[in-house]
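Let's walk through this one together, starting with the sheet and working outwards. Keep the model open beside you as you read.

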Amino acid sequence: MPPRAPIRCSPRTLLAPSSTPFRPKTLPGISYRLRRPFASTTPATPSSPSVLRPATSPDDPPVPTVTVNGAESVATELENIKGLLDKELGGDPIWAERVQSALDDLSLQRRGRLAVIGDQAASPREIVSALLQDPLVDDAATRRAIVDRHQDANIEIFNLSLGARLHREPESLAVSSSWLQNSAYDILEIDVNRLDPESTISSVLSADAVVLSIDPIRLTSVPEIQRLLPFLLNHELVEFVVNGPLPSSVTQASVVTQLTEQLREVGGTQATRDRTTPSVSFVQADKALNALEFLAKGLELTSATPAMKTTAFESFQKDYLQSHIGPLQQTLYQTLRAIPKPQLCTAQRLAKFALSHIEDAILQERDVVRQAALTVTELRRTADSYAIRARHLSVTTKGIDGAVVEGEVKYEMERIKSQIESSFQDNLSWLGLLGRLKVDDVALELGGFVGSRFALDLERQIVFETGQLSQLQQSLSSSSDETLRQLAHPSRQRYIAAATRGNPLSSPLLANYLSTLSLSIPTLTPAHLLSPILTRRNQLISQSIPRLQISAQRSLLTTYSTTILGVTGSWIGSVAPLELFSTSTAGGLGVLSVVASLALGQTLWARAQKRFWKDWDRITGMLKGDLETKFDTTLKTHILAKPLATAEGLERLITKRQDRLDDLQKRATELRSRQP
């Protein structure tokens with residue numbers, strides 16, 4: 001196999017052009033919790049005593065502490081990214097710990113780290129066992145330690161490192177292996193079936209290279225593998241190893257084609273077909289292990305003849321070559337040696353992933369803010385809709401120009417006016433007042449009529465409307481509280497951990513203000529809407545009717561006095577000593593004065609009624625406007641006050657959050673532009 005060209009540290013996306021920034025796709029059903037600290041897969045540092053340490057023998061010489069050359073710029077970038085994760089996003093413990101582990105990793109020069117992952121059906125442990133064994137060099141203890149390293153143990157992450165002597169610890173094994181020595185890489189075996197998803201992703205991101213073991217039937221369609229593909233496909237060093245015999249009707253080319261199609265699905269589109277083909281190796285690790293075991297037994301057998309050893313070696317050579325482990329060893333060796341500084345590449349790659357996570361968090365948060373804005377708009381629309389419906393059903397808005405509609409204010413005033421006019425033509429007419437010789441009945445009768453009948457039907461309708469408005473007030477208040485709770489504590493899980501630690505749309509100050517506002521708004525009663533009717537009724541009773549009473553008294557007094565003066569004057573003019581005219585003439589003049597007095601009194605009474613009706617039209621004409629103003633004021637101060645205050649407060653929070661996201665996006669873009 002020809003040697004591979006050196007691989008650069010810039011991400012090589014398998015399913016998308018490298019110019020497109022990668023964003024890991026959020027997969028459903030993943031629990032975003034860390035049961036194992038991410039630092040458990042990083043090199044040892046003084047600040048992290050629980051990290052994974054190289055499994056070396058106590059007799060091995062101490063590993064010198066050497067800082068990674070050229071790590072200053074990458075460390076600065078990681079520090080900036082960690083600041084965004086800790087401060088701007090409100091705290092994202094998983095990614096912040098990954099970035100911190102990458103920073104710790106740059107403080108210590110270490111060997112390369114090769115992660116081997118795969119489903120149990122793909123037997124990734126057998127691949128590692130076959131990869132590390134050297135039948136001509138390994139002794140029985142070394143071979144048995146490699147093969148039985150997982151016996152009676154359920155280990156999530158197992159570390160295989162190079163050691164001068166064989167040394168075993170619960171989760172690691174130091175072994176003298178020619179492949180480990182030549183490749184300068186240690187191996188991390190990651191059990192994806194036992195390790196939780198986030199810890200698995202963290203371990204993959206900390207690895208300098210990855211070997212993905214897949215079976216020839218399902219390939220990458222295993223749930224434990226699918227959640228890792230968005231990260232694997234943007235890893236520079238990923239080798240897909242198909243472990244196991246192929247079915248009779250399946251060829252290696254068809255497997256590669258099927259695998260490429262599965263990987264294209266991860267990119268979210270199948271429109272572009274000119275994609276890079278993944279690096280795939282086909283092995284049968286069980287054959288290699290059987291061949292190695294057969295050869296080892298043949299060589300170790302003391303009674304074996306040279307012919308028997310030759311037969312064992314030939315059988316080993318045949319099966320081992322058919323297993324294709326040798327080409328896999330050479331492929332991995334050439335690939336791993338192509339990058340001179342794997343730690344820097346791993347740190348740069350993690351920085352890109354973390355920055356992509358921040359950008360995805362910003363996009364997700366913008367969606368949340370956009371949904372919040374729509375929710376606030378819906379609250380305003382609901383309040384406006386209720387207000388329009390209330391105005392449409394209110395008695396204050398009934399009526400059309402140029403006509404009188406039954407039930408409106410004008411109709412009620414005309415109806416009462418006609419009843420008062422009938423009274424003026426009947427018992428309150430001028431002759432009726434003269435006949436009773438008592439005008440005090442004008443204020444008594446008219447005042448009682450106005451006090452008991454004025455806008456009576458309007459009052460009944462307004463009392464009914466008050467009940468409807470009270471229900472509307474409770475409904476809008478509940479909608480406001482529900483909107484505030486919905487935005488402050490969203491039911492669905494947010495993308496970033498900051499959502500669970502402090503919602504940006506949750507404001508105790510706003511909640512306290514709305515609670516105080518709710519207590520300050522009194523319960524809506526009919527008195528709030530009936531005050532204009534009471535005011536106008538009192539005006540009629542206290543001002544217009546008393547003036548009419550006074551006018552009636554004046555009219556009656558003028559009539560009586562004029563009559564007495566006319567009759568007396570006529571009589572005096574007809575008797576001695578004046579005797580200006582005859583008795584018959586005096587009688588005629590007396591009758592004429594009585595008639596003139598009655599006509600004058602009637603004219604004065606008609607003029608008083610005219611002034612009364614002028615006051616009536618002025619007072620009742622303003623009643624409709626007063627009712628409309630009072631209704632609108634009640635809507636604003638009692639019905640719409642809380643929902644509008646809720647909407648305005650949330651809109652301010654949304655605007656503030658949008659400004660902060662814009663600033664965060666600008667900083668993330670600046671960091672992205674500095675990346676190689």
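Two strands pair if DSSP finds at least two bridges between them. Helices (H or I, at least four residues) and strands (E, at least two) are themselves DSSP runs, numbered from the N terminus. This is a predicted model, so to speak of local features we need pLDDT of at least 70, and side-chain atom pairs count only at pLDDT 80 or more, while totals for chains, interfaces and linings use all residues. Residues are numbered from 1 along each chain as its sequence is written, and side-chain values use heavy atoms, with hydrogens and water left out.

First, the overall picture. The protein chain has 22 helices and eight strands. Of its 676 residues, 48% count as buried, where buried means under 20% relative accessible area, exposed over 50%, and partly exposed in between (1.4 Å probe, protein chains only).

Now to the sheet. Its eight strands make an open sheet in the order 3-4-2-5-1-6-7-8, with mixed pairing. At the edges sit strand 3 (167–169) and strand 8 (280–283), each pairing on one side only. On average, neighbouring strands are turned by 20° against each other, direction ignored; the axes here are lines fitted to C-alpha atoms, for helices over the stretch in contact, and angles run from 0 to 180 degrees between N-to-C directions.

Pick out strand 2 next. Five of its six residues are buried, so strand 2 is largely enclosed by the rest of the structure. On one side, four bridges join strand 2 to strand 4 (residues 172–175), and the two run parallel; Leu162 has Val175 of strand 4 as its bridge partner. Strand 2 also pairs with strand 5, this time in the antiparallel sense, again over four bridges, and there Leu160 stands opposite Ile187.

Strand 5 (residues 185–190) has another partner in strand 1 (residues 112–118): these two pair in the parallel sense over six bridges, with Ala115 opposite Leu188.

What lies across these strands? Helix 3 (residues 124–132) lies across strands 1, 2, 5, 6, 7 and 8, running at about 160° to strand 5. Helix 6 (residues 197–206) packs on the sheet too, touching strands 1, 2, 5 and 6, and its direction makes about 165° with that of strand 5. Contact means heavy atoms within 4.5 Å.

Finally, follow the chain past helix 3. Leu136 is in the loop between helix 3 and helix 4 (140–147), and counts as exposed because its relative accessibility is 66%.
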